Amino acid sequence: MVNFVGAGPGAADLITVRGMRLLKEADIIIYAGSLVNKELLSFAGAECRIYNSAEMTLEEVIEVMRDNTDKAVVRLHTGDPSIYGAIREQIDELDRLGIEYEICPGVSSMFGAAAALKAEYTLPDVSQSVIITRMAGRTPVPERESIESFAAHNATMVIFLSAGMLDELSERLIAGGYTPDTPAAIVYKATWADEKTVITTVKNLAEAARKSGITKTALITVGGFLGESYDRSRLYDPEFSHEFRKAKQRGYPE
Ligand code: SAH
């Protein structure tokens, strides 16, 4: 049995309770060495065998899984496995080999970043949508998903895997439709001890990153959600009733 487990964004205690139990019970852990906090490995039992997938190919990872079908194998991915986790290619191999697996979700770094920024991505009257994307790197991005096309929405954007390409990112965000002074943030190593947040504007992203020495392990967030104005929510509006609460009459004493 293989369990794909989301390790969370960085801080070891941001793994889920279930993820922690699976780590403790694992006979084998294959962890994504580049970004998973190694502190998590200290929860493994004394007999547990540990592999760093940063040094392995997909074939080698699958081989470990195939050779240990009688054992509890944990495949530990950073953040949540469903976001840029490259789990689908593993799952398809496991299906082909008839090996059972389950997925335990994790806290994505995009939520670690929102917490670091003390921000809400979805503000009434600002944006009710979050676009999760990246610049093309070794993995191409389909043309219809260009940064420009997403920028045209002026929605909240969270951009992964792009901290090394900020000059181009800025240009394309502006070409797509954000004004140059739309607020933007760079969140480096969200929830780790050396976390850094830099608040800037779309046009100054690259310069702000250079000044803070940030080149990788960062998320870029963009949009009016980082600004000052928004509408208050209907959910907690005294004049608005819903399933669990009746509207209070205006002027009526509490
Ligand atoms: N599955 C992961 C993302 C893996 S892709 C998740 O859900 O978070 C790797 C990219 O994620 C990095 O290049 C960086 O853009 C981002 N990232 C991962 N951990 C991060 C962190 N703690 N702080 C900021 N960005 C992070």
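**Helices α2 and α3**

I looked up how helix α2 (residues 58-66) and helix α3 (residues 88-97) sit against each other in this predicted model. Their axes come within 11 Å and cross at roughly 40 degrees. That makes α2 oblique to α3. I also checked the hand of the crossing of α2 and α3, and it is right-handed.

Next I listed the residues in contact. From α2 I noted Leu58, Val61, Ile62, Met65 and Arg66. They meet Glu89, Gln90, Glu93, Leu94 and Leu97 in α3. I sorted the residues of this contact by class: six are nonpolar, one is polar and three are charged.

**The five-stranded sheet**

I turned to the sheet. It is open, has five strands and runs in the order β6-β7-β10-β8-β9. The pairing is mixed. Which strands stand at the edges? I found β6 (130-134) and β9 (196-201) there. Each has a single partner strand, so one side of each is left without a neighbour in the sheet. I then looked at the twist: neighbouring strands are turned by 20 degrees against each other on average, direction ignored.

**The β6 edge**

I followed β6 to its partner. β6 and strand β7 (residues 156-160) pair in the parallel sense, over five bridges. I picked out one pair: isoleucine 132 has valine 158 in β7 as its bridge partner.

**Helix α7 on the sheet**

Last, I asked which strands helix α7 (residues 205-212) touches as it packs on the sheet. I noted β8 (183-188), β9 and β10 (218-222). The direction of α7 makes about 150 degrees with that of β9.

Definitions and conventions: Residues are numbered from 1 along each chain as its sequence is written. This is a predicted model: local features need pLDDT of at least 70, side-chain atom pairs count only at pLDDT 80 or more; totals for chains, interfaces and linings use all residues. Side-chain values use heavy atoms; hydrogens and water are left out. Axes are lines fitted to C-alpha atoms, for helices over the stretch in contact, and angles run from 0 to 180 degrees between N-to-C directions. Helices (H or I, at least four residues) and strands (E, at least two) are DSSP runs, numbered from the N terminus. Angles under 35 degrees count as roughly parallel, over 145 as roughly antiparallel, 65 to 115 as roughly perpendicular and the rest as oblique. A crossing is left-handed if the near helix is turned anticlockwise from the far one by less than a right angle, and right-handed if clockwise. Contact means heavy atoms within 4.5 Å. Ala, Val, Leu, Ile, Met, Phe, Trp, Tyr, Cys and Pro count as nonpolar, Asp, Glu, Lys and Arg as charged, and the others, Gly among them, as polar. Two strands pair if DSSP finds at least two bridges between them.
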